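Me: Hi! I'm new to this one, so could you walk me through it? Here it is.
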Amino acid sequence: MRLPPSGASGGAALGDELQGLVVGTHGRHCWIETDDGRRLLCHLPGRKDAPLVGDRVCWQPSGDGGSISRTLPRRNVLYRQDELRTKSFAANLDLVLVLLAADPVFSESQLNRALVAAAAAHIDALVVLNKLDLGPAFDSAWQRLAPYRAFGQDVLPLCLHEGSDPSTLDALRQRLEGRTTLVLGPSGTGKSTLINRLIPSAMAATGAVSRALNSGRHTTTSSSWYWLDGQRRSALIDSPGFQEFGLRHLEPQQLAQLMPDLAAHCGQCRFYNCTHLHEPGCAVRAAVGQAVHEQRYRLYVDLHRELSAAPRY
Ligand SMILES: Nc1nc2c(ncn2[C@@H]2O[C@H](COP(=O)(O)OP(=O)(O)OP(=O)(O)O)[C@@H](O)[C@H]2O)c(=O)[nH]1
Ligand SMILES: [Zn+2]
């Protein structure tokens with residue numbers, strides 16, 4: 001079967017509108033990719049509701065680029081928040097990959113924030129622990145993840161060490177197939193190494209475009225899109241911003257439901273609006289030290305306090 005010819009500018013037509021995928025954002029402009037794989041710089045009409053990497057947009061040709069007319073409805077958006085405002089990592093995600101490593105030692109609070117944000121956005125999460133070759137350091141990090149595995153969180157070991165057995169990377173590759181995955185992780189875990197290993201050399205230029213877009217800025221705040229295959233079915237989005245992973249867009253009352261080990265007990269508390277902090281007959285507190293790991297409950301208490309104290313915007 002022959003595909004119908006695409007529009008003069010190469011995008012999928014919707015009425016007389018052309019569609020494209022946002023693969024990079026930069027102030028008042030963003031890079032879009034047409035369905036036949038061409039990339040062009042588009043101008044945004046206004047500051048409000050700027051499209052995110054992963055968005056599908058409608059656009060019209062203008063000059064040697066284009067102009068975006070609107071963003072199509074999103075399946076989801078992963079949010080975080082810094083001191084000042086709510087920010088978004090990307091839209092229309094299938095998976096959030098949290099990359100940790102045996103070294104540097106990871107922050108459980110950061111890990112939990114990423115998982116809570118993904119759960120709040122109804123996006124699957126995958127935790128990957130890199131540097132399997134570090135032996136004892138890896139074992140103790142793997143042990144710290146035991147409570148996460150116990151509540152059903154998918155956790156994969158990984159080794160990106162030069163010359164190592166490729167089986168862990170192959171297992172990860174399978175998880176990414178056919179999906180759009182946002183990669184998050186603190187500095188030093190091997191994020192750049194992973195992206196370089198996963199992206200075929202022919203496509204690395206894609207990342208170069210995104211990096212070039214960001215290079216003039218003081219801090220890199222936008223996400224970069226990389227295709228993992230020639231068919232453009234599987235994609236990775238690399239995003240900065242893991243260090244300041246605020247969750248103030250969430251209400252404290254939502255929190256327990258977004259932590260699966262706590263959520264399993266929420267329904268059995270005496271009071272329907274139990275905060276699981278001090279109430280009598282609290283099923284969550286009764287499970288602490290058993291089905292709910294002490295450390296996980298501590299993360300809940302701290303984050304609940306933070307969300308309760310936060311001013312809302
Ligand atoms: N031992 C070991 N070292 C690794 C592995 N993967 C990556 N590294 C090393 O870890 C260090 C950090 O890797 P990067 O890929 O630069 O990490 P990153 O997460 O991109 O860090 P930033 O560039 O700071 O954001 C480098 O020295 C890598 O060579 C691994 O599986 N085992
Ligand atoms: Zn309770």
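Me: How far apart do the C-alpha centres of domain 1 and domain 3 lie?
Reply: Happy to help! In this predicted model, the C-alpha centres of domain 1 and domain 3 are 43 Å apart.

Me: And where does each domain run in the chain?
Reply: The domain assignment puts domain 1 at 12-71, domain 2 at 77-238 and domain 3 at 252-309.

Me: Switching topic, how many residues does the largest nonpolar core have?
Reply: That core has 78 residues, and Val96, Val98 and Leu182 have the most contacts inside it. Helix 1, residues 108-120, supplies its largest share, with seven residues.

Me: What does Leu182 touch?
Reply: Not counting residues up to four places away in sequence, Leu182 touches several residues, among them Leu78, Phe89, Val96 and Ile237.

Me: OK, what about the "binding site" feature, where does UniProt place that?
Reply: The unreviewed UniProt entry places "binding site" at Cys269, Cys274, His276 and Cys282.

Me: Where is Cys269 found?
Reply: Cys269 sits in the loop between helix 7 (260-266) and helix 8 (283-287). Cys282 is in the loop between helix 7 and helix 8 too.

Me: Is Cys269 buried or exposed?
Reply: Cys269 counts as buried because it has 20 C-beta neighbours inside 10 Å. Cys282 is also buried, with 20 other C-beta atoms within 10 Å.

Me: Which residues is Cys282 in contact with?
Reply: Setting aside neighbours within four places in sequence, Cys282 is in contact with Cys269, Cys274 and His276. With the same kind of neighbours left out, the contacts of Cys269 include Cys274, His276, Glu279 and Cys282.

How values were computed
Residues numbered from 1 in each chain as written. Chains lettered and ligands numbered in written order. Predicted model: local features only at pLDDT ≥ 70, side-chain atom pairs only at ≥ 80, totals over all residues. Domains from an automatic or database assignment. Core = buried A, V, L, I, M, F, W, Y, C linked by C-beta atoms within 7 Å. Buried ≥ 20, exposed ≤ 12 C-beta atoms within 10 Å, placed from the backbone. Helix = DSSP H or I, 4+ residues; strand = E, 2+ residues; numbered from the N terminus. Contact = placed C-beta atoms within 7 Å. UniProt positions renumbered as here; feature names shortened; annotations may be inferred.
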